[in-house]
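This report describes how the strands, helices and aromatic side chains of one chain are arranged. Please read it alongside the sequence and the coordinates.

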Amino acid sequence: MSGLKLFRYVAWAAVAALAVVSGMLVYQQTAGNKNSGALIEPLAAIGGPFELVNGNGETVTDKTFAGKPTLLFFGFTFCPDVCPTTLSELQGWMELLGDDAGKLNYAFVSVDPERDTPEVMRDYVGAFDDRITPLTGSREQVDAMVKAYRVYAKKVPLDDGDYTMDHSAAVYLMNADNKFVGTIAYGEDEENAMKKLRRLIENAPASS
């Protein structure tokens with residue numbers, strides 16, 4: 001087995017481990033209320049303040065999204081499959097939510113800021129849905145958010161001298177106070193995903 005293939009196996013194992021841990025944490029949250037299946041308490045270990053820029057170069061922080069639950073997806077514009085697939089699914093969820101889609105924030109966060117400039121992010125995300133906020137920033141800003149949100153992201157060199165990014169593939173669900181309350185896994189059944197989104201909306205403060 002080549003060194004690159006071995007690295008990829010290790011990387012995806014780490015992503016899988018994050019998904020398992022997230023699932024266990026969400027189960028712990030929901031187990032206390034079997035009738036409603038609602039998300040109960042946020043998990044302080046994942047999430048926190050951040051400062052990035054949107055596709056127009058304007059500063060965006062966690063406070064920008066305050067008052068509404070937020071869906072966060074971490075990826076990069078050179079991503080061959082996971083990112084465009086997830087953004088397409090996100091667009092579909094928004095359509096299914098109808099008017100309720102406006103009760104949530106949506107953001108695509110780059111883990112590859114060297115290539116993903118604000119303009120590149122704006123054009124890429126705009127091809128899916130302009131309600132999704134593209135977020136990027138300096139290497140330091142992105143690394144700080146990746147660390148706070150316990151996101152797996154790793155640069156992987158390619159044989160031609162270029163590189164790709166291995167990264168967490170789940171959509172992070174944050175409540176109106178920017179506290180982590182669960183994930184939607186990559187490729188998760190649409191019905192399950194919609195149940196999670198509706199619960200996220202139902203548990204949000206009425207004013208949001």
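## The β8-β9 hairpin

In this predicted model, strands β8 and β9 form a hairpin with 5 residues between the strands, and within that hairpin N178 takes a positive phi near 60°. The two strands, of which β9 covers residues 180-184, run antiparallel and are joined by 4 bridges, with M174 standing opposite F180 in β9.

Strand β8 itself spans residues 171-174, and its side chains divide between two directions: V171 and L173 point one way, Y172 and M174 point the other way, and all are buried. In a regular strand the side chains alternate between the two faces of the sheet. Strand β8 also pairs with β3 (residues 70-75), again in the antiparallel sense and over 4 bridges, and in that pairing L71 stands opposite L173.

## The five-stranded sheet

The pairings of β8 belong to an open sheet of 5 strands, in the order β5-β4-β3-β8-β9, with mixed pairing. Its edge strands are β5 (132-135) and β9, each of which pairs on one side only, and the twist averages 25° from one strand to the next. Towards the β5 edge, strand β4 (residues 105-110) and β5 run parallel and are joined by 4 bridges, with T133 in β5 as the bridge partner of A107.

Two helices can be described by how they pack on this sheet. Helix α2 touches β3, β4, β5, β8 and β9, and its direction makes about 165° with that of β3. Helix α5 (residues 190-202) touches β3, β8 and β9, and its direction makes about 160° with that of β9.

## The nonpolar core and Y149

The largest nonpolar core holds 52 residues, and among these L71 and Y149 touch the most other members. Helix α2 (residues 82-97) gives the most to this core, contributing 7 residues. L71 is also the residue that stands opposite L173 in the pairing with β8.

Once neighbours within four places in sequence are set aside, Y149 is in contact with I46, G47, G48, F50, L72, F74, Y172, M174 and N178. This list includes N178, the residue with the positive phi in the β8-β9 hairpin, as well as Y172 and M174, which point the same way from β8. G47 appears in a further relation: its C-alpha atom is separated by 8.7 Å from that of K147, although the two residues are 100 residues apart along the chain. K147 is found in helix α4 (residues 139-148) and, at 67% relative accessibility, counts as exposed.

## Aromatic pairs and their cluster

Across the whole structure, a search finds 8 aromatic pairs. One of them joins F50 and F65, whose ring centres are 6.4 Å apart and whose planes meet at 45°, so the pair is tilted. Because F50 lies in the loop between α1 (3-30) and β1 (51-53), and F65 in the loop between β2 (59-61) and β3, this pair ties together parts that are 15 residues apart in sequence. Both residues are buried, F50 at 7% relative accessibility and F65 with a relative accessible area of 9%.

The pair of F74 and Y172 is edge-to-face, with 5.5 Å centre to centre and 70° between the planes. Since F74 lies in strand β3 and Y172 in strand β8, the pair ties together parts that are 98 residues apart in sequence. F74 is buried with a relative accessible area of 1%, and Y172 is likewise buried with a relative accessible area of 1%. These four residues, together with Y149 and F180, form one aromatic cluster.

## The β6-β7 hairpin and the ring of Y163

A further hairpin is formed by β6 and β7, with 5 residues between them, and G161 in its turn has a positive phi of about 95°. Strands β6 (residues 153-157) and β7 (residues 163-167) run antiparallel and are joined by 5 bridges, and in β7 the bridge partner of P157 is Y163.

Which charged ends sit over the ring of Y163? The charged end of R115 does so at 3.8 Å from the ring centre, and the charged end of K155 also sits over this ring, at 4.4 Å from its centre.

Definitions and conventions: Residues numbered from 1 in each chain as written. Predicted model: local features only at pLDDT ≥ 70, side-chain atom pairs only at ≥ 80, totals over all residues. Heavy atoms only, no water. Buried < 20%, exposed > 50% of the residue type's maximum accessible area, 1.4 Å probe, protein only. Pairing = 2+ DSSP bridges. Phe/Tyr/Trp six-rings, centres within 6.5 Å; stacked < 30°, edge-to-face > 60°. Lys NZ or Arg CZ within 6 Å of the ring centre and 35° of its normal. Core = buried A, V, L, I, M, F, W, Y, C linked by side-chain atoms within 4.5 Å. Contact = heavy atoms within 4.5 Å. Axes fitted to C-alpha atoms, helices over the stretch in contact; angles between N-to-C directions.
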